[in-house]
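Okay, thanks for having me. Let me put the model up on the screen, and then I'll walk you through the pockets, the aromatics and a few odd residues.

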Amino acid sequence: MTLRRIELLLALLGAGALVLAAMATPWLKFVLTIALAKGIAVLGIMLLLRAGQVSFGHALYVALGAYAVAFLAPVLPDAALLLPAAALTTTIVGTLIGLFVSRYREIFFGMLNLALSMVFYSMLEKFYHYTKGTDGIRVPPLTVAGLELDRVTHEWTIFGIALALAFGFGAFARVYLASPMGHALTAIKTRETRLDFMGVSARSVLLAAYVLSATMAGCAGALIAMATRHVTPLLSYWTASGELVFIAILGGAGGVLGPFLGAVTYELVRVYAAATVADMWQMILGAVLLLVILFARGGIWGLLALRLQRRGAA
């Protein structure tokens, strides 16, 4: 069995395990929904990592998607319409910003994204009349395809949407990375000059990946807003961007399952660590990341893929 088929099988088994966990422990449904949303955002960051670029400001698009839901929900209270609206908003903004940042590489690329994210954070804090500042905006009850749902059904529906989007974006990213555009991303990381010799615009390749990552992050922000029903500027703070990079390293950027493995692991470790040792959960997360860096540089997915390859070779 090829690694690609194994990856699909693991994705299906993982989805089944998440559903069973949510059924067995109802409060985990919320945690896993947030984990899936963050996994989608990290999947977009993984595209940029293939080009050797790290964005330290992608929380901007998560927050933008969440605020798009918060602002539109009073007049458009349907999740089936709010999700595309958030995706469209972040796609447009991501294109405009991407035209600027795609000209830069490495630390300049990362820090420009961070700076823009912090500017957006400051705007959300200062324009209190519109954003309610640090108090945030309460998202009203939403319908789904015109149907009014009770709380439990609503939670299951948002969880299902998050799971479906995770599968959809994961499949798309898998095809995208195997396409010429995906190979061009890898070329940017290894030797960008070769792309120029071939007549391929490295800036256009990076811009396309950047816009896709912004769209994914916007969908993630919309899911978070629908699940939590409360949106605050902290979604765009630099620590939120650092959290996404943390998850990317933890899960590994070698495959599309990595972001979701990292996100689920991160959220579960954080929740249980905070419940067990409330004053030390950050130290536990840091220790987990340190172990991954020292003993599994490819992240959780890299370690898992290596074991599968060895078993297949045997």
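Let me start with what I call a pocket. Everything is done on a 1 Å grid over the protein atoms alone: a cavity is a set of points where a 1.4 Å probe fits but cannot get out, while a pocket is an open set with protein on both sides within 12 Å along at least five of seven lines, and lining residues have an atom within 4 Å of a point. Grid points are joined across faces, edges and corners, and a volume is the space filled by probe spheres set on the points.

Two bits of housekeeping. This is a predicted model, so local features need pLDDT of at least 70 and side-chain atom pairs count only at pLDDT 80 or more, though totals for chains, interfaces and linings use all residues. Residues are numbered from 1 along each chain as its sequence is written, and side-chain values use heavy atoms, with hydrogens and water left out.

Right, pockets. The largest pocket holds about 560 Å³ of space. There are 23 residues in its lining, and Glu7, Ala11, Phe167, Leu257 and Phe260 are the ones nearest the centre. The elements giving two or more residues to that lining are α1 (3-24), α7 (151-178) and α11 (258-276). By elements I mean DSSP runs numbered from the N terminus: helices are H or I with at least four residues, strands are E with at least two. Which helix gives the most to the lining of the largest pocket? That's α1, with nine residues.

What's the lining like by class? For the largest pocket, we have 18 nonpolar, two polar and three charged residues. For the bookkeeping, Ala, Val, Leu, Ile, Met, Phe, Trp, Tyr, Cys and Pro count as nonpolar, Asp, Glu, Lys and Arg as charged, and the others, Gly among them, as polar.

On to the second largest pocket, with a volume of about 390 Å³. It is lined by 16 residues, and Lys38, Leu234, Leu235, Ala240 and Glu243 lie nearest its centre. Two or more lining residues come from each of α2 (28-50), α3 (59-72), α9 (202-228), β4 and α10. Here α10 gives the most, with four residues. The class split for this second lining is ten nonpolar, four polar and two charged.

Now, aromatics. There are ten aromatic pairs in the structure. Rings of Phe, Tyr and Trp (its six-membered ring) pair if their centres lie within 6.5 Å; planes under 30 degrees apart count as stacked, over 60 as edge-to-face and the rest as tilted. Take Phe100 and Tyr104: the ring centres are 5.6 Å apart with the planes at 65°, so that's an edge-to-face pair. Phe100 is partly exposed at 33% relative accessible area, and Tyr104 is partly exposed at 29%. My cut-offs there: buried is under 20% relative accessible area, exposed is over 50%, and partly exposed is in between (1.4 Å probe, protein chains only).

Another pair is Trp156 with Phe159, centres 5.7 Å apart and planes at 85°, so edge-to-face as well. Those two are three residues apart in helix α7, which means about one helical turn separates them. Buried or exposed, where does Phe159 fall? It's buried, at 2%, whereas Trp156 is partly exposed at 30%. There's also an aromatic cluster made of Tyr61, Phe109 and Tyr210.

Stay with that α7 pair for a second, and look at Lys29 over in helix α2. Lys29 is a buried lysine, with a relative accessible area of 3%. Not counting residues up to four places away in sequence, Lys29 touches Ala22, Glu155, Trp156 and Phe159; contact here means heavy atoms within 4.5 Å.

Next, backbone oddities. Glu106 isn't a glycine, yet its phi is positive, near 55°. Glu106 is in helix α5 (residues 106-126) and exposed, at 59%. Lys132 also has a positive phi without being a glycine, about 65°; you'll find Lys132 in the loop between α6 (128-131) and β1 (137-138), partly exposed at 40%.

Last stop, the two loops flanking β4. Arg229 is in the loop between α9 and β4, partly exposed at 24%. Arg229 and Pro141 are 88 residues apart in sequence, but C-alpha to C-alpha they are 7.9 Å apart in space. On the other side, Thr232 is in the loop between β4 (230-231) and α10 (238-251), buried at 17%. Leaving aside neighbours within four places in sequence, Thr232 is in contact with Tyr67, Thr134, Asp135 and Gly136.
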